[in-house]
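Let's go through this one by asking how each label was earned. Have a look first, then we'll take the questions in turn.

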Amino acid sequence: MLRDLIIKRRSYRRFHQDVPIELETLRELVDLARLSSSAANLQPLKYLLSCDPVKNTLIFPYLAWAGYLKDWPGPCEGERPSAYIIILGDTEISQSFGCDHGISAQSILLGAAEKGLGGCMIGAVQTKGLREALGILSRYEILLVLALGKPKETVAIETVGPTGDVKYWHDDDGIHHVPKRTLDDIIVG
Ligand SMILES: Cc1cc2nc3c(=O)[nH]c(=O)nc-3n(C[C@H](O)[C@H](O)[C@H](O)COP(=O)(O)O)c2cc1C
């Protein structure tokens, strides 16, 4: 059921780094994005794939993880992503990418969840450094990085409490808690 898949698709930030993801798997995930909606059907998104440990090492330093978890610097060696899909906007097709990359990212992460994988959209990217590290041409705008792997953490969805605090948090057992607003809070009429 779609609802089950949407619930399964959490943002995961700790992975079994030793479990590889094949290039063909990444291509299947991008194919889901290819079939997704695009404003004016321009399809301006392009994708850079990495499932190679050396290339992954080049990408990792330019990503910021879980800004609310001040005491957690991001996944340690051994718990880092096995693969990345970098979503690029081709400026030779369009100058603005609207919400195409959000739709694309959700399609890819739902596909990953269906395959028993998990991941996280990373918008906090040091794009200049990443561009230089991978030699990404200037015609491509770096829009989002999707980190992917076999999840190594448990994520629990909570309800936002009376204080209205939406910050996710880790408990002593390492479980990642994510507060979500209630349905009545978000339907305004
Ligand atoms: C556009 C976008 C950018 C995001 N950027 C980051 C990021 O830079 N680093 C990070 O750790 N998580 C990032 N996230 C993940 C959010 O923190 C996550 O979606 C949120 O905590 C809710 O958790 P959930 O995805 O499990 O529902 C991003 C999510 C979105 C939609």
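Q: How many aromatic pairs does the ring rule give here?
A: Two. This is a predicted model, and a pair counts when the ring centres lie within 6.5 Å.

Q: What makes the charged end of Arg13 count as sitting over the ring of Tyr168?
A: The charge has to be within 6 Å of the ring centre and within 35 degrees of the ring normal. The charged end of Arg13 is 4.8 Å from the centre of the Tyr168 ring, so the distance part fits the 6 Å limit. Arg13 is listed as sitting over that ring.

Q: And how do you know that Lys167 sits over the ring of Tyr68?
A: Same kind of check: its charged end is 5.9 Å from the ring centre, and the cut-off is 6 Å. So Lys167 passes on distance.

Q: What makes S1 and S2 paired strands?
A: Pairing takes at least two bridges. Six bridges join S1 to S2 (residues 83–90), so they qualify, and the two run antiparallel. As one example, Tyr47 has Ile87 in S2 as its bridge partner.

Q: Which order do the four strands take in the open sheet?
A: The order is S1-S2-S4-S3, with antiparallel pairing.

Q: Why are S1 and S3 said to stand at the edges?
A: Strand S1 (45–50) and strand S3 (118–122) each have a single partner strand, so one side of each has no neighbour in the sheet. From one strand to the next, the twist averages 25°.

Q: Which strands does helix H2 lie across?
A: Helix H2 (residues 23–34) lies across S1, S2 and strand S4 (140–149), at about 160° to S1.

Definitions and conventions
Residues are numbered from 1 along each chain as its sequence is written. This is a predicted model: local features need pLDDT of at least 70, side-chain atom pairs count only at pLDDT 80 or more; totals for chains, interfaces and linings use all residues. Side-chain values use heavy atoms; hydrogens and water are left out. Rings of Phe, Tyr and Trp (its six-membered ring) pair if their centres lie within 6.5 Å; planes under 30 degrees apart count as stacked, over 60 as edge-to-face and the rest as tilted. Axes are lines fitted to C-alpha atoms, for helices over the stretch in contact, and angles run from 0 to 180 degrees between N-to-C directions. Contact means heavy atoms within 4.5 Å.
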